[in-house]
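The following exercises concern helix packing, burial and backbone geometry. Each task is followed by a solution in steps.

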Amino acid sequence: MGHKAYSHLESIPNCRASNHLTKGCLVLEGGAFRGLYTQGVIDTLMLLDLNFSCVIGVSAGAIAGMGYVAGQIGRAARLNLEYRHDDRYIGLRAFLRSHSLLDVGFVTEDRGVFEPVDEERLMDPRRRFVAVATNCLVGQPAYFEKGVCDDIALAVRASATMPFISPMVYIDGMPYLDGACSCRIPYEWALEQGYDKVVVVRTRDSSYRKVVKDEPLAGLVYGDYPALVSSLEGASARYNVQCEDIERLHDEGRLFRIAPSEPVFVDNLESDLEKLGDLYWLGVYDCFASIDALRAYL
């Protein structure tokens, strides 16, 4: 392998989900490598035969959602826990290929390195899958739906392309960046689409709120994109409003929220594989702990 991997990699499940569908929309927050929590949750959902008919994800949530819709239990987690220290994914070779420290294409494209995404199952028309990216010209979220957009893998890549460290991704001549620049948790889309059952998977504990502060780097880096600058500057305040709203809707029984049961101390580009592995298992644990309440909600 030539690089360090998670010490308990063999314990991550490697199997396929059933074809049974559960009505409702699964909403997956972003969070870069905090997405290992999401991967623990969705693997458990698949093992418990809860395969939601619609999935919408932002950034790491879109990457996790891709594997969930394709029914590949453990794929996203194994990839991150095996290849985090491979420089084709994060490092020099990633930079040479993608002009970014992190090459999202390593996860979304079949490069013959890792188990490819099951394209046939991913594109099954019975399930909706939406990746949220940010349109840099207008600073607003763009919702790319498989079967509607031309290239869902490219849309997922755009959704997970982190600002400041990666170049914009162009789709049909338009520049896009990480969906989290404009919408970190796309639960409102699910509600507006009329879904009665909406399950939100967070990557921060339910009490977490961002410190709202000035973002001078946004104007320096993206001065030619004033709407994007405005969106980046307002991102933390918007996120805090979303967090409050999700808790209220959860308490009212209008959606179901699964969130880390303890604070998450994992960086965006976390390099400690044991911490990442622990976060995956926290997602598994929390999903099992929530399952009776989730089934009652559904």
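## Exercise 1: Surroundings of Trp281

Setting aside residues up to four places away in sequence, Trp281 touches Tyr6, Ser11 and Ile12, where contact means heavy atoms within 4.5 Å. The model is predicted, so that local features need pLDDT of at least 70 and side-chain atom pairs count only at pLDDT 80 or more, while totals for chains, interfaces and linings use all residues. Residues are numbered from 1 along each chain as its sequence is written, and side-chain values use heavy atoms, with hydrogens and water left out.

Task. State in which helix Trp281 has its place, and whether Trp281 counts as buried, partly exposed or exposed.

Solution.
1. Trp281 belongs to helix H12 (residues 273-297); helices are DSSP runs of H or I with at least four residues, strands are runs of E with at least two, and both are numbered from the N terminus.
2. The relative accessibility of Trp281 is 30%, so this residue counts as partly exposed. The classes are buried under 20% relative accessible area, exposed over 50% and partly exposed in between, with a 1.4 Å probe and protein chains only.
3. Between the C-alpha atoms of Trp281 and Gly194 there are 32 Å in space, with 87 residues of sequence separation.

## Exercise 2: Packing of H1 and H2

Task. Describe how H1 and H2 pack, giving the angle and the distance between their axes.

Solution.
1. Helix H1 (residues 35-47) packs on helix H2 (residues 60-69) at about 20 degrees, and the axes are 10 Å apart. This makes the two helices roughly parallel. Axes are lines fitted to C-alpha atoms, for helices over the stretch in contact, and angles between N-to-C directions run from 0 to 180 degrees. Angles under 35 degrees count as roughly parallel, over 145 as roughly antiparallel, 65 to 115 as roughly perpendicular and the rest as oblique.
2. The crossing of H1 and H2 is right-handed; the term applies if the near helix is turned clockwise from the far one by less than a right angle, and left-handed applies if it is turned anticlockwise.
3. H1 contributes Gly35, Thr38, Gln39, Ile42, Leu45 and Met46 to the contact, and H2 contributes Ala60, Ala64 and Tyr68.
4. By class, these residues are 6 nonpolar, 3 polar and no charged. Ala, Val, Leu, Ile, Met, Phe, Trp, Tyr, Cys and Pro count as nonpolar, Asp, Glu, Lys and Arg as charged, and the others, Gly among them, as polar.

## Exercise 3: The environment of H3

Task. Determine how many residues of H3 are buried, and describe how H3 packs with H12 and with H1.

Solution.
1. In H3, 9 of the 9 residues are buried, so this helix is largely enclosed by the rest of the structure. The cover of these residues includes H1, strand S4 (72-73), helix H5 (105-108) and H12.
2. The axes of helix H3 (residues 75-83) and H12 come within 10 Å and cross at roughly 165 degrees; H3 and H12 are therefore roughly antiparallel. H3 passes H12 in a left-handed crossing.
3. Ala77, Asn80 and Leu81 of H3 form this contact with Leu273, Leu276, Gly277 and Tyr280 of H12. The residues divide into 5 nonpolar, 2 polar and no charged.
4. For H1 and H3 the angle is about 145 degrees and the axes are 8 Å apart; the crossing is left-handed.
5. Leu36, Gln39 and Asp43 in H1 meet Ala76, Ala77, Asn80 and Leu81 in H3, a contact of 4 nonpolar, 2 polar and 1 charged residues.

## Exercise 4: The nonpolar cores

Task. Identify which residues of the largest nonpolar core touch the most other members.

Solution.
1. A nonpolar core is a set of buried Ala, Val, Leu, Ile, Met, Phe, Trp, Tyr and Cys residues joined through side-chain atoms within 4.5 Å.
2. Among the 88 residues of the largest core, Leu26, Val27, Leu45, Tyr89 and Leu294 touch the most other members. H12 gives the most to this core, with 10 residues.
3. Beyond its neighbours within four places in sequence, Leu45 contacts Leu26, Leu50, Phe52, Tyr68, Cys287 and Leu294.

## Exercise 5: Positive phi

Task. Compare the settings of Ala32 and Ser59.

Solution.
1. Ala32, although not a glycine, has a positive phi of about 50 degrees; Ala32 lies in the loop between strand S2 (22-28) and H1. With a relative accessible area of 22%, Ala32 is partly exposed.
2. Ser59, also not a glycine, has a positive phi of about 55 degrees and lies in the loop between strand S3 (52-58) and H2. At 5% relative accessibility, Ser59 counts as buried.
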